[in-house]
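Visitor: I have some questions about how the labels on a model like this one are earned. Could you walk me through the reasoning?

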There are 2 protein chains.
Amino acid sequence: MNAEDMNLEDGKKKFIQSWGTMGSSWGINRTMAQVHALLLISPDALCAEDIMEDLKISRGNANMNIRKLIDWGLVYKELKPGERKEFFVAEKDMWDIARCIIIQRKKRELEPMLRVIDEISSVEGTCPESEEFCKVVKDIKVFSSKADSTLDRLSKADAKWFASTFMNMIK
Amino acid sequence: MNAEDMNLEDGKKKFIQSWGTMGSSWGINRTMAQVHALLLISPDALCAEDIMEDLKISRGNANMNIRKLIDWGLVYKELKPGERKEFFVAEKDMWDIARCIIIQRKKRELEPMLRVIDEISSVEGTCPESEEFCKVVKDIKVFSSKADSTLDRLSKADAKWFASTFMNMIK
DNA sequence: AAGAACTTTCAAAAAGAAGTGAAAGTTAAT
DNA sequence: ATTAACTTTCACTTCTTTTTGAAAGTTCTT
């Protein structure tokens, strides 16, 4: 083992911490991302209590964020026979994780825009101002519809295809 | 003109407002996105004063956000002959706009992760915990390097290629 | 080099987002 | 039906981010 090697505990801390920071810049809240990180690197399922202790967060907070992760499809409930408690495991396949995130971000970032743009497309006019306006709206509409359907297909594509075709496609 | 047609003023307001909301969920601050929206739909260059008035924001705020938009490459300074004042115009080509955003988001969302993952890769071990940890870190590394180079190429691709090839590629 | 016309900075204030924890709600076993 | 083991909710607090505006800094013009 090299002197520069990082030990497991420090590595874990750093990972959870960074996944959290990352999360915020991804529009995911810090704690949600940290819970996800914790579950990702845990070899077995954890219960709410474990998570609260590890991350030093309250019950309510833990619960909220676990719930959100389940909604997103990034985490599953796991019931152990004979135990009342609920345990949680993270989805560990990178492509599935990416897929979940693509779907959620599309929902939050793209779809609302498409709706507004549709509403707004009924503006029409002949002055320079309205012409500029309509042109911009039109361009956004065309562009974002394309992006929308591309992301749609991408999120439905399977992992294998993704790895082999998409990633290399752009050569 | 239909009864349901939206008039220009309302359309503009709605557009600026929504682009702003959108911005927040994109990790771009609301005001920055609104300034961008305003410039996007304006047929000619606006000065700081115009922007302050239109959006009802302070001088400092306007200045900061214009500056950030310029840094991102979404807005250009325009100097009118004979005028001291600086005017600003938005980049209006959708593909150029997308490109700027891809570059910035990659910088903020992906690159920091790659750095941390690199640091962390020096952990090694033999217990189940460290094995799980190393596996996850490895998977993330592989995946995010691929994503990184794909985005890189994408951001260097030109508009024409983008429109014709990429968008339809996934058929 | 003095003045006018703008632009930038920054510390303090306001707004907004996230976290807490105790109380209320559920559910499974007896 | 009761209880015990969990989960969820929500009014309140704490932390973060954004905005303000006045003061300081620039840079053209004469």
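**Contacts with the DNA**

Guide: Gladly! Let us begin with DNA strand C, where a side-chain N or O atom of A:Asn61 is 3.1 Å from a phosphate oxygen. Please keep in mind that this is a predicted model.

Visitor: What makes the approach of A:Asn61 to DNA strand C a polar contact?

Guide: The cut-off for a pair of N or O atoms is 3.5 Å. A:Asn61 has its side-chain atom 3.1 Å from the phosphate oxygen, so the pair qualifies. The side chain of B:Arg67 qualifies as well, because its N or O atom is 2.6 Å from a phosphate oxygen of DNA strand C.

Visitor: Which kind of atom of DNA strand C does B:Arg84 reach?

Guide: A base nitrogen, which lies 3.0 Å from a polar side-chain atom of B:Arg84. Helix 4 of chain A and helix 4 of chain B are the elements that give two or more residues to the surface near this strand. Helix 4 of chain B has the largest share, four residues.

Visitor: How do you know that the protein meets sugar and phosphate as well as bases on DNA strand C?

Guide: By sorting the strand's atoms within 4 Å of the protein: 68% belong to sugar or phosphate, and the rest to bases. Around this strand there are 15 residues, with A:Thr31, A:Ser58, B:Asn63, B:Arg67 and B:Arg84 the closest. By class, the surface has one nonpolar, seven polar and seven charged residues.

Visitor: And which residues are closest to DNA strand D?

Guide: They are A:Asn63, A:Arg67, B:Thr31, B:Ser58 and B:Asn61, out of 15 that surround the strand. Of the atoms of DNA strand D within 4 Å of the protein, sugar and phosphate make up 66%. Here helix 4 of chain A gives the largest share of the surface, four residues.

Visitor: What makes B:Ser58 a polar contact of DNA strand D?

Guide: A backbone N or O atom of B:Ser58 lies 2.8 Å from a phosphate oxygen, so the pair is within 3.5 Å. A:Asn63 uses its side chain instead, with an N or O atom 2.3 Å from a phosphate oxygen of DNA strand D.

**Between the chains**

Visitor: Why is the pair A:Glu132 and B:Lys92 called a salt bridge?

Guide: The N to O distance between their side chains is 2.5 Å, and the limit is 4 Å, so the name applies. Between chain B and chain A the count is eight salt bridges. On the chain B side, helix 1 (8-25), helix 5 (94-120), helix 6 and helix 7 (159-169) each supply at least two residues. That side divides into 33 nonpolar, eight polar and 16 charged residues.

Visitor: How many residues of each chain take part, and what area is buried?

Guide: 57 residues of chain B are in contact with 57 of chain A. The buried area is about 5300 Å², and carbon and sulfur atoms give 71% of that area.

**One serine in helix 6**

Visitor: Why is B:Ser155 called buried?

Guide: Buried means under 20% relative accessible area. B:Ser155 has 7%, so the label fits. This serine lies in helix 6 (residues 128-156) of chain B.

Visitor: What does the side chain of B:Ser155 reach?

Guide: The backbone oxygen of B:Asp152, at 2.9 Å. Leaving out residues up to four places away in sequence, B:Ser155 touches B:Arg99, B:Ile102 and B:Ile103.

Terms used
Residues numbered from 1 in each chain as written. Chains lettered and ligands numbered in written order. Predicted model: local features only at pLDDT ≥ 70, side-chain atom pairs only at ≥ 80, totals over all residues. Heavy atoms only, no water. Buried < 20%, exposed > 50% of the residue type's maximum accessible area, 1.4 Å probe, protein only. Polar contact = N/O pair within 3.5 Å; in protein donor to acceptor, adjacent residues only side chain to side chain. Contact = heavy atoms within 4.5 Å. Near = heavy atom within 4 Å. Buried area = accessible area lost by both parts, 1.4 Å probe. Nonpolar A, V, L, I, M, F, W, Y, C, P; charged D, E, K, R; others polar.
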